[in-house]
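Welcome! Here are some short exercises for getting to know a new structure, each with a worked solution.

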Amino acid sequence: MDSVSNEGLPDEYQWFSDQIAGHHPSVIKNGKREIGLLKIPGSREILKPKQDASRGEKEVAIYKLLSSSSSSCPSSDLRNGKPEDVEMLRKLTANFYGIRRLFVDDEDREFLVLEDVTSDYRRPAILDLKMGQVTSDPLAKADKVEKERIKYPPQAVMGCRILGYRIHRDNNKVEIRDKEWGKSFDETTIQDGLCEFFSARDNELKEVLEKALIELETIKHFFETQTSFQFFASSLLFVYEGDVTLPINLKIIMIDFSHAFFSNGNRDEGYLFGIQNLEGFLQDMLKIC
Ligand SMILES: Nc1ncnc2c1ncn2[C@@H]1O[C@H](COP(=O)(O)OP(=O)(O)OP(=O)(O)O)[C@@H](O)[C@H]1O
Ligand SMILES: [Mg+2]
């Protein structure tokens, strides 16, 4: 991302350099660069472009629902999720601060203003895992379903996939792994990829894994009980402190709700399956620490 020009962005804004996956300005489609996440350097917010059509509307609807205070959430209206499910999900996501309009590449665009969950870290280590057994949503046509399936068949087996990571090492060096690297793993090798991500604190690997398992337990509890939401192509973002002189401060945040649907009282079994497997992978790694 550092190599992509900030020309065309409003004053003060830059492309968010710690973005792992998703729409990215280095990608050119139909002669235009994609719009990625923006940031004013030093701020604790990032701006995520609102995606086209229903995808953007879906994500905005979820974040608006989560940011409305629990008291203003009408308990009798279950169409938009059971209050207890909404309350639990709110604690697992980044804060949402509303919509901002900006001119980018000469176009008026809308952005979701979100808490940058990486901003508290001196040397963040950040990992994006795409969750669920199926990454196409229920409205996708058969050819899209098949296209998504063959992209990475282990997704159905594991219920998760590594989309990449960034680790800020010493001397301002940033180690980057992308989704092609992530696709090189399957259910027999994914621990190697996860181990590499946790390597910034390899002397404290046991503690790091224990913290990750505690965080994951809370997310698992949400998916075991909630019957309000179904998520497709949504991610878990892991962040921990790579500077060994500081506390590990490991967090796992749910992001990317552009294919999130309200459920009719069913659990999201595909996402839950992914969490259970991930838990198993981390527990196995813990045994050999
Ligand atoms: N709240 C956040 N704080 C820090 N980084 C974030 C946050 N939300 C997203 N990111 C970063 O941006 C990347 C892309 O985010 P996301 O998956 O939501 O966008 P996208 O895939 O481009 O969008 P969509 O799937 O809606 O088209 C993530 O991999 C992560 O690195
Ligand atoms: Mg995404």
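**Exercise 1: a sheet and its helix**

L237 stands opposite I253 in β13. Before going on, note that this is a predicted model, where local features need pLDDT of at least 70 and side-chain atom pairs count only at pLDDT 80 or more, while totals for chains, interfaces and linings use all residues. Residues are numbered from 1 along each chain as its sequence is written, and chains are lettered from A and ligands numbered from 1 in the order in which they are written.

Task: work out which strands form the open sheet, and in what order.

Solution.
1. Start with β12 and β13, which run antiparallel and are joined by five bridges. (Strands are DSSP runs of E, at least two residues, and helices of H or I, at least four, numbered from the N terminus; two strands pair if DSSP finds at least two bridges between them.)
2. Extend this to the five strands, ordered β10-β9-β8-β12-β13 with antiparallel pairing.
3. Find the edges: β10 (174-177) and β13 (251-255) each pair on one side only.
4. Add helix α7 (residues 205-225), which packs on the sheet and touches β12 and β13. (Contact puts C-beta atoms, placed from the backbone, within 7 Å.)

**Exercise 2: the ligand**

Task: find where ligand 1 lies.

Solution.
1. Count its shell: 24 residues surround ligand 1, the closest being I20, G22, A94, D256 and S258. (Near means a C-beta atom, placed from the backbone, within 6 Å.)
2. Domain 1 (14-115) and domain 2 (124-287) both give residues to this shell, so ligand 1 lies between them. (Domain bounds come from an automatic or database domain assignment.)

Key. Two residues are in contact if their C-beta atoms, placed from the backbone, lie within 7 Å. Axes are lines fitted to C-alpha atoms, for helices over the stretch in contact, and angles run from 0 to 180 degrees between N-to-C directions.
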